[in-house]
Structure formats: structure tokens, C-alpha cells
Amino acid sequence: MTRARAFGLILFVLLVAAVGVVLIVLAPQWYGTDQPSARPAAAAANEAMATRKIRATLFYVSEDGQRLVPIEREVPYGEGLLEQAKRIVEAEIGPAPTPLSSALPAGTKLRAVYVSERGDAFVDFSRELVTAHPGGSLNELLTVYSVVDALTANLPAVHAVQLLVDGRDVDTLAGHVDLRRPLPGSKRWVEEPPVAPQTPAAAATSKPRGSE
Amino acid sequence: MKPISLALAALLFAAAVGVSALVSGQAQTPATTPLVLLSSAGRRALPTTVVNNHEMVALDDLAAAFQLSLRDDALAGGMTVTYKGKTIALMPDQAIASVGGRLVSLPAPVIRDGRRWLVSIDFIPSALALIHDARLDFRRASRLVVIGELRVPRLVVRQEVQGNQVRVTLDASPKTSNTIVQEASRLLVRFDADALDTTIPAVAPHGVVGAIRLTDPGNTIAIVLGPRFGSFRASSVSTDAASTRVIVDLLPAGAPSAPAVPGPQPSQPPQAPAAPAPPELFAPPSTPGVRTVVIDPGHGGAEEGARGPSGSLEKDLTLGVAGKLKAAIENRLGLRALLTRDGDTAVSLDDRAAFANNNRADLFISLHVNASLRKDVTGAEVFYLSPEGYAQARQEAAATASLPTFGGGSREIDLILWEVAQMQHLTQSAALAAVVEEELRAHVPMSGRPVQQAPFRVLVGANMPAILVEMAFLTNAEQEQALSSNEFQNTIAQALVDAIVRFRDAIGRGRPSSSTAPSSRPPGFR
């Protein structure tokens, strides 16, 4: 009997101790993260930012599927370089104005953006960028350069862009474009009125036959 | 009382201004162009002022540019300039500076103009350079101050019109390696340097050249091509131990000439007396001719590549054409042809290039089929490597390393980074792409952009002329059907064999076979 009582007492003491820990140690932490002063300020800032927009040049796949078309669009304002870079890449992932299409595979998510001191931006995507990619060098070039060109064209501090997948660098997305190092922006796949001859031979011989 | 004191103050102020104008010298005119400070952080302009025919710079501007701290010594009337604990003392109206106690003379006296201090621009090399951590290289003629160990070769640009063609000569000193690529309507001559010290003369408009300008990232000369431009020839040669001469001949369309192949000089005698003749070819060291061709069937194994609407897979189609091409090269040309894979296996992109390197291939041809989001896109495309993004790696690779030798000691060797081996073959790869495009065009539909440059991984490591051929668009139902047919596959193989023959003959004669211009010097590469 006395043993059972002693046992019950110990149990009771432990219970009280556990409640004490919850009240004194854990509860302040739970509240601390999102309650006291930070929350209203951040929320207000977020609201202000949600309404603020910047104009940015975004790059979508043309109606004929062959090129990137630069389009001026409104993009949510981001506080600082990294946030603004994220907003721009998110806009590239999002729906394109008809009849254009996004060069990034559906389901791709942006994980993070980093920018180094030399102006190399590292854009980390979810694995759908690779697994849902339709393949082909043209599609791959358009995917890569829609991101590279959108960041380099809109953010002067960004000189080159490297795409990462699931936090790691990748060889390529679909077997062609070298993604081991940051790529500088290139207007080669961006729509321009006349197609200039690409090589001396092309210029010297005959006019392009077109894509039919 | 008040009006009087105000008037008095105004009078005093006017007198002070007048006196200071007299003291500081009459004519203070800003210099036409500022000095340019060049460091690893970039370019920065440093405004200057001309006073009594001496070019002066404000100490405040120098302080901002070089992280100097300035202390106006009110008692002595002097100025102390401090940089990391080292000091320079200046006195107004004295043409000297005391650098750590040592006196240095300046060509013009220091000017104190109210709170503004002006010193001769020679203060930079004569005084500041003595206390600054980084090397300061003052290039008076080009109004450039190079800060730190940057490679900024001096580049003299000349243009000569020779009949209907134009020769652009670029003399770089010291010796600087370079690459030439065509990018849309520009020729880019990229020097292996941090910046170029050059003034480019105005170019008279000519049918084949629109303009010549320095372009980003500051180590590249862009020759903007004119409407009549047809092709170019380029050579790069070390004229002596200290300099490199790049000659680019721009030929009009329709001229009997070559695609962008490292050709020798045009046959007419060069009009520039200084032009070295004959220059070395702008080409990597290689043995003449083509003996081994490595064919790379794209994708394989789990990596299926693109997929057609009827389910055809890129990896199967590329393997099919590769087999036919290998047979045609061996049977028709008697050359060695090797495949990077002969079954449905996964081979990494690096291993494919390494396979070609290890087998000492003379040509590398990667076969692919394309895909588009739109079903109606069709046509073949030929790619060679674009150098963007690799410049850095190449620079790092260009450093020499010490290799220990037997018996002690060491010897300097040039490192060629395997990763960027293709960089030295770009001109030839461009030429190969051009002949392949011409041969394909005669037999199969081409895309609107038949020849392109792209940073393709499989090409980067290939230490030989290398191209990637997108034979057709698998996402187009008609082209998918064609790609699966023996007829289309044989046609592609045939066109590639014809192109290899032309390229081989071109190397043998020093230029591709589309050229009819006679060669003035013995054929062959070094």
C-alpha cells in the first residue's frame, strides 16, 4: 500500500514538473515566434509589399515555340535583391499571357535564391524542373535562358545565373545545356525582328529556308 | 545697423571670392574626359580639372576612390593624407609631397581652394603609389589608372579598306591570347584579359563593317558587320616576344571565299607594310587531316531524351543514325569511326567527350533530335559551343603550374583544363558547323536558325572540332515519321559524310572546299 502511494506521489510530482516545463519553457517560445511585436509589423509590411509592384521584363515562349518573347509585366515588389529576384522567378514560373507559355515545366517550384558577391545568382528549383521537363535542346535552352535573362535583364547586380535543383548543382536539365557554372544573359533565343545570319557561310550561301 | 552689417558681409564675401579666384589661378576648366580607375571591382571615373595648364584632381575624389582619410591640419595649414597608417603630407602652394618623410616633387603646386584641395594627377603615380597596397599603373596616354594585378594589354586598332574588303588589325601588347567568334551580326574578338587599354579610331562606314567598338565585359572588341558582309578570315600571331597581332579580313557576300575557317592570308599582297607575312594560323595545334571521327548518339538508357507523339524516343533514333553514319564513314571514306555508345546504355556527357579525347578523335559529332512545346516546329539545326561563362574557368586554367621533375627541380607547364578544351577549337568548330549546315540544307528541312552557338555540356570538353546536330523535331508528327525511316536516316548520314569530306579537304588545303581563292602559302596546320 505504502509502495503504491509512494509511486503515485512520484507520478504526481513528475506530472507537475512536466506541466511546469510546458508553461515556463515551451509556451513562451511558441508564442514568441509569431506573437509579440514582430507579427503586426511584418504583416503590415507584407500588406504594403503585396500592393507594391515593379515593372519587369519577363521572358515567355513565343506562339511559334521557337523563341523567348520579352514582355513588360507587373511583378510584386520584393524588399532587397534576393526577394526581388524571387518575385521575378516566381513570375516566370507562373501563367504566361496568351498566346505565350511559360518556359518552365508545370509544377516547378522555386526553393531559394542566393546571390554571390561577384553577382552570380543561384536559383534553386524543385525537382520538377528536371522530371517534368519535355526534353529537346530548344526547350532546354528556352527554360534556362528564360530564368537567366529575366534576372540579368531586370537586376543590374546580377551578372550571371546558375540553376540548381533540390539545392544541388546539376550537369544539365535535359542532357544539353551546361549548368555547372553561372551563365551570363544571352539574347540569342530572344525574339528580334530580323534574324541575322549566324555564320559567314549562312550569309554567303543562301537565305534560310524557314521552318516549314 | 542690420543692413550695414549685411552689406559688409556681402562685400567681404565678394572680396574673399575674388581673392581666392586670384590665388587659385585664373582658369579652372574641367578636363574633357575624366581619368578612368580600373580595378577588379570595375571601372570608376575620376574627374579632373585643368588649372594653369596642369591637370589636377580633387583630394576628396581621390580619398573616395582609394579609401584615404584626409585630415586638414588647421594649425600648420597643411593636409595629411592617410592610408592604412601610412601618410602623405601636403602644403598649399608647394609642389612637393612628403611621403612617409620622403620628399617627392610634383609638377604643379598643391592648390587649396577654400575647403577643396587639388593636386596634380601625377600625385597618383609619384606619391600615392608609394603607400598604396595594390600596384598603381598610371597610363597617361590612355588616361587609365590600373589598380592591382590586372591584365590590361594595350591594344592598337587599325582598319584598312582593300578594294571591297576590309582588314582590321589589332595589335595587343603584351602577348594576349584571344578567340574570335561570330555572334549574330557581330564578330567578337575576346582577349584573355581583364580589360583593354585602347582607343578605337572612328571607322568610315563601309559595306562590310558597320563599326568597331569595345564591348562588355571590357575585354572584347566587337566588329559590327555591315549589310554587305559575307564571311571573314582571321589569324592571330605573335609578332615578337612582346605582342600579338590579330588580323581579321572581312569579305563581302558573294566573294569567292571561305566560311569562318582559319585560312591563310588573302592571296593579294597585304597593303599594310607592317603586316607579318605569312602569319601563323589562328588554329590549335593539330595534325593535318581527319583520321578518326567520334560519333555521339545522344542520350541513352534511362535518359530517353525527347519523345514523339507516336512514342518514338530520341535515344533510339540517334543510335540508328549513328550506326548508319559510322558505316558510311568507314566504307566510303576509309576513316576510323567510333561510337560513344553502341547500345541502349547511359553514358555521362563528360565520358562522351573524354572518349573522343582518349581516342584522339579529329572530329566529334553529337547526334540529337529536338523537341518543342509547339507541334508545328520543324527543321534541323547545327550547334557549336558558345564561350560565355567559360571565360573564367579558362582564365583559371591558363595559369601555369610547376611540375616536379626527376632529379629535383621543377618545370613550368601550361595547364589546359579538360573542362574547357573546346575553347581553342571554336573557329574550326564554326567552320565544321557551316559545312554541315550547307550539306544538310541540300537534303532536309532546316530550322529558321540553322547554325547556332550554345553552352552545350557535351561539346565543352571535346579537344577537337566538335558540333551537335539536331536532325529534326521529334514533336512534329511528320518529322517523327521521317526520323524513323531508313530513307531519312540515310540522307542525314550521307549529308554528314559529304560535310566531313569537305572539311577534311579544307584542312588539307588550309580552307574549306567551298573556297576557290588560291592559297598563297603552303597548306596545313602547324
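## Chain B overall

In chain B, 65% of the contacts with a separation of 6 or more are accounted for by residues 24 or more positions apart. The model is predicted. Its chain B has a secondary structure of 10 helices and 30 strands.

Of the 526 residues in chain B, 54% count as buried. The accessible surface of this chain comes to about 22,200 Å². Carbon and sulfur atoms hold 56% of that surface.

## Helix α2 of chain B

Helix α2 of chain B covers residues 59-66. Its buried residues are L59(B), L62(B), A63(B), A65(B) and F66(B). Just after α2(B) comes Q67(B), which has a positive phi of about 55 degrees.

## Packing of α2 and α3 in chain B

The partner considered here is helix α3 of chain B, residues 123-131. The axes of α2(B) and α3(B) come within 13 Å and cross at roughly 50 degrees. An angle of that size falls outside the ranges for roughly parallel, roughly perpendicular and roughly antiparallel, and α2(B) and α3(B) are therefore oblique to each other. Their crossing is right-handed.

On the α2(B) side, the contact is made by L59(B), L62(B) and F66(B); on the α3(B) side, by F123(B), I124(B) and L128(B). By class, the residues of this contact are six nonpolar, no polar and no charged. L59(B), L62(B) and F66(B) also appear among the buried residues of α2(B).

## Packing of α3 and α5 in chain A

In chain A, helix α3 spans residues 80-93 and helix α5 spans residues 137-154. The axes of these helices come within 10 Å and cross at roughly 140 degrees. Angles count as roughly antiparallel only over 145 degrees, so α3(A) is classed as oblique to α5(A). The crossing in which α3(A) passes α5(A) is right-handed.

From α3(A), the residues making the contact are A85(A), I88(A), V89(A) and E92(A). From α5(A), they are S146(A), V147(A), A150(A), L151(A) and N154(A). The contact of α3(A) with α5(A) has six nonpolar, two polar and one charged residues. Under this classification Glu counts as charged, and the charged residue of the contact is therefore E92(A) of α3(A). The polar residues are S146(A) and N154(A) of α5(A).

How values were computed: Residues are numbered from 1 along each chain as its sequence is written. Chains are lettered from A and ligands numbered from 1 in the order in which they are written. This is a predicted model: local features need pLDDT of at least 70, side-chain atom pairs count only at pLDDT 80 or more; totals for chains, interfaces and linings use all residues. Side-chain values use heavy atoms; hydrogens and water are left out. Axes are lines fitted to C-alpha atoms, for helices over the stretch in contact, and angles run from 0 to 180 degrees between N-to-C directions. Helices (H or I, at least four residues) and strands (E, at least two) are DSSP runs, numbered from the N terminus. Angles under 35 degrees count as roughly parallel, over 145 as roughly antiparallel, 65 to 115 as roughly perpendicular and the rest as oblique. A crossing is left-handed if the near helix is turned anticlockwise from the far one by less than a right angle, and right-handed if clockwise. Contact means heavy atoms within 4.5 Å. Buried means under 20% relative accessible area, exposed over 50%, partly exposed in between (1.4 Å probe, protein chains only). Accessible areas come from the Shrake-Rupley method with a 1.4 Å probe; for residues, only the protein chains shown count as cover.
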